[in-house]
Amino acid sequence: MSLRTTASQTVGPYLHIGLTWLVTDNLVGEGVTGERVTIEGRVVDGDGRPVDDAVVEIWQANAHGRYDHPDDTRDLPLEPGFKGFGRVATDAAGRFRFATIRPGAVPAPGGGMQAPHINVTIFMRGMLKQLKTRMYFPNNAANAADPVLAQVPAARRESLIARPLGGGALEWNVVLQGSDETVFFDY
């Protein structure tokens, strides 16, 4: 019996050596409504060193708050030019970048609404279980009533909120461990 790690258990270097066709860094095509934003950031370890072999995936609703998924049957517009899903590998400095739109609010489990956010999954070599988190938008009044953010201790919420850079760009970094660790979820 072999106990070697297989491709199904780790990102490994595989994305960089043959799966680059899976990269989707621009979610916005022609005719898409909503505020265009660029999200850029870094994935770093607890010592601030870049993680150069991570894959960052995002999943989000469109500007109307509708996901491009068969389970979202709400009577809200779908826009064929909007993908709603992106995937990029980090570079040697741990950087990643996406071009997307600011999503609309989506329903919360049990009623109410969730603040506009982007669902984020991080994959890395040697990590058998991916990390799940969210990125929220800065200066959004809806953040105060978001049921997920409300469960996060106030001192840690900032790790989930991007910072404006100007010109429609946002910075949001992922810190894997340590005192500034990004909040990760078990869902």
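Buried means under 20% relative accessible area, exposed means over 50%, and partly exposed covers what lies in between. Keep these cut-offs at hand for the exercises below, and remember that the model is a predicted one.

**Exercise 1. Classify A93, E57 and N139: is each residue buried, partly exposed or exposed?**

Solution.
- Step 1. Start with A93, which has a relative accessible area of 23%. Because this value falls between the 20% and 50% cut-offs, A93 is partly exposed.
- Step 2. Turn to E57, with a relative accessibility of 14%. The limit for buried is under 20%, so E57 counts as buried.
- Step 3. Finish with N139, at 76% relative accessibility. Exposed means over 50%, so N139 counts as exposed.

For the whole protein, buried residues make up 44% of the 187 residues.

**Exercise 2. Describe the secondary structure and place A93, E57 and N139 in it.**

Solution.
- Step 1. Begin with the elements: the protein has 11 strands and 0 helices.
- Step 2. Now place the residues. E57 sits in strand β2, A93 is found in the loop between β3 (85-89) and β4, and N139 belongs to the loop between β8 and β9 (163-166).
- Step 3. Look at the backbone of N139: its phi is positive, about 55°, although N139 is not a glycine.
- Step 4. Consider how contacts span the chain. Among contacts between residues at least 6 apart in sequence, 66% join residues at least 24 apart.

**Exercise 3. Find which residues E57 and A93 touch beyond their sequence neighbours.**

Solution.
- Step 1. Leave aside neighbours within four places in sequence; E57 is then in contact with F85, G86, R87, N119, V120, T121 and F123.
- Step 2. Pick out R87 from that list: the side chains of E57 and R87 make a polar contact at 2.7 Å.
- Step 3. Do the same for A93, not counting residues up to four places away, and you find R42 and P50.
- Step 4. Check a C-alpha distance as well. A93 and D52 are 41 residues apart along the chain, while their C-alpha atoms are separated by 6.2 Å.

**Exercise 4. Work out which residues and strands build the largest nonpolar core.**

Solution.
- Step 1. The largest nonpolar core holds 28 residues, and V43, V56, F96, V120, I122, M135 and L176 touch the most other members.
- Step 2. Two or more residues of this core come from each of β1 (36-44), β2 (54-59), β4 (95-101), β7 (117-124) and β8 (131-136).
- Step 3. β7 gives the most to this core, with 4 residues.
- Step 4. Zoom in on L176. Not counting residues up to four places away in sequence, L176 touches V43, V44, D45, V51, M124, L131, E181 and F184.
- Step 5. Apart from the largest core lies another, of 9 residues, including Y136, L160, V183 and F185.

**Exercise 5. Locate the largest cavity and describe its lining.**

Solution.
- Step 1. There is 1 cavity of 30 Å³ or more, and the largest cavity has a volume of about 30 Å³.
- Step 2. Its lining is made by I39, V56, I58, F96, F98, I118, V120, M135 and W172.
- Step 3. Sort these lining residues by kind: 9 are nonpolar, none are polar and none are charged.
- Step 4. Match the lining to strands: β2, β4 and β7 give two or more residues to it.
- Step 5. Compare with Exercise 4. V56, F96, V120 and M135 are among the core residues that touch the most other members, and these four also line the largest cavity.

Methods: Residues are numbered from 1 along each chain as its sequence is written. This is a predicted model: local features need pLDDT of at least 70, side-chain atom pairs count only at pLDDT 80 or more; totals for chains, interfaces and linings use all residues. Side-chain values use heavy atoms; hydrogens and water are left out. A nonpolar core is a set of buried Ala, Val, Leu, Ile, Met, Phe, Trp, Tyr and Cys residues joined through side-chain atoms within 4.5 Å. Buried means under 20% relative accessible area, exposed over 50%, partly exposed in between (1.4 Å probe, protein chains only). Contact means heavy atoms within 4.5 Å. On a 1 Å grid over the protein atoms alone, a cavity is a set of points where a 1.4 Å probe fits but cannot get out, and a pocket is an open set with protein on both sides within 12 Å along at least five of seven lines; lining residues have an atom within 4 Å of a point. Grid points are joined across faces, edges and corners, and a volume is the space filled by probe spheres set on the points. Ala, Val, Leu, Ile, Met, Phe, Trp, Tyr, Cys and Pro count as nonpolar, Asp, Glu, Lys and Arg as charged, and the others, Gly among them, as polar. A polar contact is a pair of N or O atoms within 3.5 Å; within protein, one must be able to donate a hydrogen and the other to accept it, and residues adjacent in sequence count only if both atoms are side-chain atoms.
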